[in-house]
Amino acid sequence: MNPLAVLHAAQLVTLAGPARPRIGAAMSDLRIIRDGGMLIRDGAIESVGPSDEIEEKIAEAEIVDARGRVVMPGFVDAHTHLVFAGNRLDDFERRARSETYEEIAKAGGGIWSTVERTRAASEADLLAEAKKHADWFLRCGTTTVEAKSGYGLTVEGELKILRVIGQLKEQVPLQIVPTFLGAHAVPKAISAEEYVEIVIEEMLPRVAAENLAEFCDVFCERGYFDSDQSGEVLSAAKRHGLKIRGHVDQLTNSGGARLMAELGATTADHLEQTDEQGIVALKKANVQPVLVPGSVYALGLSRYPRAREMIEAGLAIVLATDFNPGSSPTPSMPMILSLACTQMKMSPAEAITASTINAAYSLNRGDEIGSLQPGKLANFAIFDCEDYRELAYWFGIPQTHSVYVRGKRILKL
Ligand SMILES: [Zn+2]
């Protein structure tokens, strides 16, 4: 592959900086180079700087003229439920009639309807749907996603989803980090205690032995798994060498943030109801919050997590889509940037940091992706705008021009 030179970007948003997640004022420092360029060789970034400096080094390079456009790291979406069958259009319509999440679940909708369809689907069908979703992410400028299981809820059902994630990884350019979320809901006809035992005794050993996931997640919520059960699952996962994270404090404040801190989780996700003590606990234990405002928006709710307080407390915030058919049917990180700025009062720069470099660290990939710096993978997106703030400002309109993974153009719109 010839070297590739990207030249004359109106803004080359590098997010260059020290090898750690960004906190406080550093979240606003995007290290933008005007008329910026970079040289890419063998899928990795070789040099970054003003275009005239890069032009001196490019002898045989293929040129990408980014004049009038923003070039930045591909988004890293650190929380998605990418593999599932079907959709939840009926739930969507019920919510429009003001029925609640719990009412919809009782009426046979909710997560259970997705579980039934996902269980019934063949691996080939699930893979075909997942490929369509992967393409959606790429079109939005996302080059890495975390992807969870959680719609099988049986040993075979969960393993099937994780195997589909594994196949997807091999077959699409989108980079994928797999997470085991067996404790996503309690199957019908057994108790939460009985199911937790299956997750710990039967699922986790196989997930670990077959190397199917890097993280283990739980849904810690009233009616799902309580703090003790969540703690048991995640402690067992740690013993199997998995990193841990949790869906916590989404609908009620159950002390989930504190639990994640006690367990030494990498991230605590959702946090809509987390209070000041929860924020303090996360900071003490260095847990990264993963905020998913798309699910607040799509559920028609109004209580967003306290992003400003978290930033002021020095937490290395991450933003993600929570892409899933029930509560957040969007793969669009630009949409999430819009919500972060309008609903959570984050600045556009903080939102970009939270969805690139901070997200990369939360997935244990901060040394590879999330910024445009020499030695990192050439995973980047070019957008049809001259100022990065336009990504959060113009909402509902795609601005992606092209997307590159490991220096290879995989999408041109
Ligand atoms: Zn989720």
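These legends go with four close-ups of a predicted model. Residue numbers start from 1 along each chain as its sequence is written, and side-chain values rest on heavy atoms, with hydrogens and water left out. Local features need pLDDT of at least 70 and side-chain atom pairs count only at pLDDT 80 or more, while totals for chains, interfaces and linings use all residues.

**View 1. The zinc ion and its protein donors.** His79 (NE2), His81 (NE2), His247 (NE2) and Asp322 (OD) sit 2.1 to 2.3 Å from the zinc ion; donors here are N, O and S atoms within 2.8 Å of the metal (3.2 Å for Na, K and Ca), and with water not among the atoms, sites may look incomplete. The angles run from 85 to 168°, so the arrangement is irregular (four donors would be tetrahedral with all angles between 85 and 135 degrees, while four count as square planar and six as octahedral if opposite donors are over 155 degrees apart and all others between 65 and 115). Along the sequence, the donor spacing reads H-x1-H-x165-H-x74-D. His79 comes from the loop between strand E6 (75-77) and helix H2 (89-96), and Asp322 from the loop between strand E13 (318-319) and helix H13 (333-343), so the pair ties together parts 243 residues apart in sequence. Helices (H or I, at least four residues) and strands (E, at least two) are DSSP runs, numbered from the N terminus. His79 is buried at 0% relative accessible area, and Asp322 is buried at 1%; buried means under 20%, exposed over 50%, partly exposed in between (1.4 Å probe, protein chains only).

**View 2. Inside the largest nonpolar core.** Of its 103 residues, Leu82, Leu174, Phe180, Ile317, Leu319 and Met346 touch the most other members. Such a core is a set of buried Ala, Val, Leu, Ile, Met, Phe, Trp, Tyr and Cys residues joined through side-chain atoms within 4.5 Å. A second, separate core of 15 residues includes Val71, Ala378, Phe380 and Tyr404.

**View 3. Val70 in strand E5 (residues 70-73).** Val70 is buried, at 0% relative accessibility. Beyond neighbours within four places in sequence, its contacts (heavy atoms within 4.5 Å) include Gln11, Val13 and Phe383. The C-alpha atoms of Val70 and Glu390 are 9.6 Å apart, with their positions 320 residues apart along the chain.

**View 4. Helix H8 (residues 227-239) and its surroundings.** Among the buried residues of H8 are Val233, Leu234 and Ala237. The helix's buried residues pack against strands E8 (175-183), E9 (215-220) and E10 (243-248), plus helices H7 (192-209) and H9 (256-263). Just after H8, Gly241 takes a positive phi of about 85°.

How values were computed:
The expected span of a helix is 1.5 Å times one less than its number of residues.
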